[in-house]
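Got the viewer open? Let's take a short walk, one selection at a time.

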Amino acid sequence: MKTFGVIAGREIWLALRNRGVVITALIFALWFPVMSAVGIAAGTDGDAAAVAGGIAAIALLVGVFMGYIFCSDAFLREKRDGTIETLLCTPVSLRRIWEGKTVGVAVPAYLVTLLSAVVTAATVSALTDVAIATEPLLYLHLAVVVPIWVVASAGFIGAAQLALGMRENQILGFVFIFGFIFLIVALQEVSPGGPGLSVMTEAVLAAAGIALVALARFIVGKVTKERIVRTIP
Amino acid sequence: MWSLPGFTAPSGEPPGPGPSPGTLRFLAWVPPARKNRWLDIPLPKTEIHDTTRSCARTGPETPRHHAIPAEAAAMNAVEVRGLSRSFEGRAVLSDVSFTVRHGEVFGYLGPNGAGKTTTIRILLGLLAPDAGVVRVLGRDLAVDDAARARVGVLFENNGLSDRMSAAANLAYYAGLYGVPDPAERIDDLLTLVGLTDRRDDLVGTFSTGMKRRLGIARAILHRPEVVFLDEPTSGLDPGAQRMVRDLILDLSRREEMTVFLNSHHLDEVQRISTSVAILAGGRIRAFDSLENLTGASDRPTVTVTLADPDDRVRACETIAGLAFVAGCDPGGSTLLHCTLADPGATPDLIAALVGAGIRIEEVRRSSRSLEEIYLEALRSAEGGGA
């Protein structure tokens, strides 16, 4: 457990000090919600539940994208620099390395996502008179579902970045992102609660996110060190 | 497998690899503590034909067993038996075997692309062998997470983050290895590698030599019993190379570590190694203590130049029957490099050859440089010895 904390702590420390990644993340986290907030404000006619549903949907997408952005620093950089090889020679198992890195990626990604949600809510509030603070499901969504999906995004993409070569990663990075977005939309559509905030939809999203984390963890268990070493550029 | 009559492996030698087909295996007698050491230098094809015709074969090859006896595992820090590995159908390592004893500085020599780094990766469990067995401290590091805590490694990239300070890099690995009292250990190591005044500077601002020294500090941070150094002086200026060499020597003495040194720098290996293996064409071409390899030991090498090339086979047979000759390596059509078990046996060797009716042109005591041995190994690999 100690090594998990060591790895996660280092990744958080590095992520927050990577100016390029932080600036990219902040630009996306601020620009995208502001633009979306204008659309939410215009399309919901002051319906508090609809506004909260729009903010929740944006937060989830931003969370998934943040997981992808911060992943490149934790997994891909380590591979590009070749330092992953040294890490694999430590007494820490590959799965534990992945777990530490995934959480190390997810923490800053989640913090930026929360900031993005606050900005979205503030922008919508400024444009409408809707009382967003009265929607408890939005808090549940931001506190439970979003972090699960941030971890799922970081874990899944991280596992792929460990297993695949640099070129495949460049191609598949966006495929994963669009796959995640498609999955979220599809889950909301098929959920008994339907799109928007509902207990049932939140439960479906949370369960699907946990299943994705478990699947990513399973995949990492199947990735060999040889596979990682041989895909180092 | 072919061997000179009278030259047999010392009893108790673990089953090891035979020479490649068409090679003359030279089994040097070695004291029990030096067993497992051998040279495998191929002969030119025409000579192979002549020699094999005149000498008895030892019989059909027996199946090779790569199990490592417990006694050997306890004695050796690194064991490699019958290791083979290929990539996309191209053989990189073919039946490679060697051992490294505890406390040795082992020089693993070979040209670029010979498979040195592949060997290290297999030893560290990063790559899987196609065949053979490897053990480090008696363990298979591919499956034994805990055993990896007893091993240190320095790859070419040093394993450092450019965006962290020297001290933070070491602290990170100290956390992964569970180093007790890490602050004190980090201070000691930064002093050892001369980077105390740069402890809080980002590694990205360091020179290549400084990074390499910090990389060595990282590799030995957890006081490993065996440390693998992959081309530790590669890309360094002569001054930095010397610094790193001195550091390695200091480590092996002070921290009593077994050092596995991957290199293609002959000078470096000759200066700091106690034993050497030469890898070329995917095979081990020579493997022995540095002293024995270069003839600088109490078993001198005598080069006999024959007056008549036709006497060569007869000379081989005569020498094979001499107890005071530990081994014989035919170096050309008229040359025989004989390793003497008794340093004062040169007159006896001459007398035996003359007594057998062999005409001798010259007898010269010689010691070969590591460079000569290395180049000979490369030539033998190029000549189809692989």
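Here is a tour that starts with one whole chain, moves to two helix pairs and ends where two chains touch.

Before you click: this is a predicted model, in which local features need pLDDT of at least 70 and side-chain atom pairs count only at pLDDT 80 or more, while totals for chains, interfaces and linings use all residues. Residues are numbered from 1 along each chain as its sequence is written, and chains are lettered from A and ligands numbered from 1 in the order in which they are written.

**Stop 1: chain A.** Select chain A and switch to cartoon. You'll find 9 helices and 0 strands (DSSP runs numbered from the N terminus: H or I of at least four residues for helices, E of at least two for strands). The radius of gyration is 18 Å, close to the 17 Å from the globule rule for 233 residues, so chain A is as compact as a globular protein of that length (taken over C-alpha atoms; the rule is 2.2 Å times the number of residues to the power 0.38). Rotate the C-alpha trace: along its principal axes it spans about 55 × 35 × 35 Å.

**Stop 2: α3 and α7.** Now pick residues 48-81 and 166-190 of chain A. These are helices α3(A) and α7(A), packed at about 160° with axes 11 Å apart (axes are lines fitted to C-alpha atoms over the stretch in contact, and angles run from 0 to 180 degrees between N-to-C directions). The pair is therefore roughly antiparallel (angles over 145 degrees; under 35 is roughly parallel, 65 to 115 roughly perpendicular and the rest oblique). Show side chains at the contact (C-beta atoms, placed from the backbone, within 7 Å): among them are L60(A) and F65(A) of α3(A), and I177(A) and F180(A) of α7(A).

**Stop 3: α5 and α6.** Next, select residues 94-127 and 136-163 of chain A. The axes of α5(A) and α6(A) come within 8 Å and cross at roughly 135°. That makes α5(A) oblique to α6(A). Residues in the contact include W98(A) and A109(A) of α5(A), with V150(A) and G158(A) of α6(A).

**Stop 4: where chains A and B meet.** Bring chain B into view. How many residues does each chain put into the contact? Chain B gives 21 and chain A gives 19. On the chain B side, the largest share, 4 residues, comes from helix α4 of chain B, residues 166-177.

Definitions and conventions. Contact = placed C-beta atoms within 7 Å.
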